[in-house]
Structures are given as C-alpha cells and as structure tokens.
Amino acid sequence: MTKSLYERGLLRPADVAKLQRVFDQACGTRHLVPDSEGGRELALTLLALHNAGMVDEDLLTAAVAFQPPERKRA
C-alpha cells in the first residue's frame, strides 16, 4: 500500500501555517531578519523540533523564543 504524502513526513498546510507563525514571532523576539543566516538556522531548528514530535505551537514557541548568545567570529 502506498503511503500518503503526510505519512511520508511531508507537512500539512496547517503545520506549515503553525511553523510560519512561530518562526515570525521568534524572528521578532530575536531581532532576526528572516532571510539571514540566523533566520535559516531558526527555520531548520523549528523543522527539526517538529519532526522530532514537538508539534504543539506553544511548546515550539517556548523552545525558540529565547535570544541565543552572540557567537564570536574568528
């Protein structure tokens, strides 16, 4: 039997909308430009958390709402 798109790990439209809301809020909290290196890292983190089973919007928001320390560049 062929698996549906969603059973193969693809996001449903509601999941995409939820992740976008969390991403937008976290970008504002962290003062990130969405299309920056920090924004891309945030997006990957959100996808990883969601794929690992953290699907509750409030939990995702809490997980990424903090302002991480600045990394020193060599």
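## Close-up views of a three-helix chain

**Figure 1. Helices α1 and α3 meet side by side.** In this predicted model, Lys18, Leu19, Arg21, Val22, Gln25, Ala26 and Arg30 of α1 touch Glu57, Leu60, Thr61 and Val64 of α3. Sorted by character, the residues of this α1 and α3 contact are five nonpolar, two polar and four charged. Helix α1 covers residues 13-30, and its axis comes within 10 Å of the axis of α3, the two crossing at roughly 25 degrees. With that angle, α1 is roughly parallel to α3. The crossing of α1 past α3 is right-handed.

**Figure 2. Helices α1 and α2 pack at a slant.** Here α1 is shown with α2, the helix of residues 37-51; their axes are 10 Å apart and the packing angle is about 135 degrees. This angle makes α1 oblique to α2. As you follow one helix past the other, the crossing of α1 and α2 is right-handed. On the α1 side, the contact uses Asp15, Lys18, Leu19, Val22, Phe23, Ala26, Cys27 and Arg30. The α2 side brings Gly39, Leu42, Ala43, Leu46, Leu47 and His50. Taken by type, the residues where α1 meets α2 are nine nonpolar, two polar and three charged. If you have just come from Figure 1, look again for Lys18, Leu19, Val22, Ala26 and Arg30, which are among the α1 residues that meet α3 and also among those that meet α2.

**Figure 3. Thr61 sits buried in helix α3.** Zoom in on Thr61 and you are within α3, the helix of residues 57-64. Which residues does Thr61 contact, leaving aside its neighbours within four places in sequence? They are Val22 and Gln25, and both of these belong to the α1 side of the contact with α3. The relative accessible area of Thr61 is 17%, so this residue counts as buried.

**Figure 4. Ala63 is partly exposed in the same stretch of chain.** Ala63 also lies in helix α3. Its relative accessible area is 28%, so Ala63 is classed as partly exposed. Leaving aside neighbours within four places in sequence, Ala63 makes contact with Leu49 and Met54. For a sense of distance, pick out Val22 as well: Ala63 and Val22 are 41 residues apart in sequence, and their C-alpha atoms are 10.0 Å apart in space.

**Figure 5. Lys18 and Asp15 pair within helix α1.** The structure holds three salt bridges, and this view shows one of them, between Lys18 and Asp15. The closest N and O atoms of this pair are 3.6 Å apart. Where do the two partners lie? Both Lys18 and Asp15 are in helix α1, three residues apart, or about one turn of the helix. Lys18 and Asp15 are both buried. The two residues also take part in the contact of α1 with α2, so it is worth holding this view beside Figure 2 to place the pair at that contact.

**Figure 6. Arg21 and Glu57 link helix α1 to helix α3.** Side chains of opposite charge can pair when their charged atoms come close. In this view, Arg21 forms a salt bridge with Glu57, and the closest N and O atoms are 2.8 Å apart. The pair joins distant parts of the chain, with Arg21 in helix α1 and Glu57 in helix α3, 36 residues apart. Are these partners buried or partly exposed? Arg21 has a relative accessible area of 44% and is partly exposed, and Glu57, at 27%, also counts as partly exposed.

**Figure 7. Asp35 and Arg40 form a further salt bridge.** The closest N and O atoms of Asp35 and Arg40 are 3.3 Å apart. Asp35 is exposed, with a relative accessible area of 65%, whereas Arg40 is partly exposed at 45%.

**Figure 8. The whole chain, to place the close-ups.** Stepping back, you will find three helices and zero strands, running α-α-α from the N terminus on. Of the 74 residues in the chain, 22% are buried. Looking at contacts between residues at least 6 apart in sequence, 52% join residues at least 24 apart.

Note on methods
Residues are numbered from 1 along each chain as its sequence is written. This is a predicted model: local features need pLDDT of at least 70, side-chain atom pairs count only at pLDDT 80 or more; totals for chains, interfaces and linings use all residues. Side-chain values use heavy atoms; hydrogens and water are left out. Helices (H or I, at least four residues) and strands (E, at least two) are DSSP runs, numbered from the N terminus. Buried means under 20% relative accessible area, exposed over 50%, partly exposed in between (1.4 Å probe, protein chains only). Contact means heavy atoms within 4.5 Å. Axes are lines fitted to C-alpha atoms, for helices over the stretch in contact, and angles run from 0 to 180 degrees between N-to-C directions. Angles under 35 degrees count as roughly parallel, over 145 as roughly antiparallel, 65 to 115 as roughly perpendicular and the rest as oblique. A crossing is left-handed if the near helix is turned anticlockwise from the far one by less than a right angle, and right-handed if clockwise. Ala, Val, Leu, Ile, Met, Phe, Trp, Tyr, Cys and Pro count as nonpolar, Asp, Glu, Lys and Arg as charged, and the others, Gly among them, as polar. A salt bridge is a side-chain nitrogen of Lys or Arg within 4 Å of a carboxyl oxygen of Asp or Glu.
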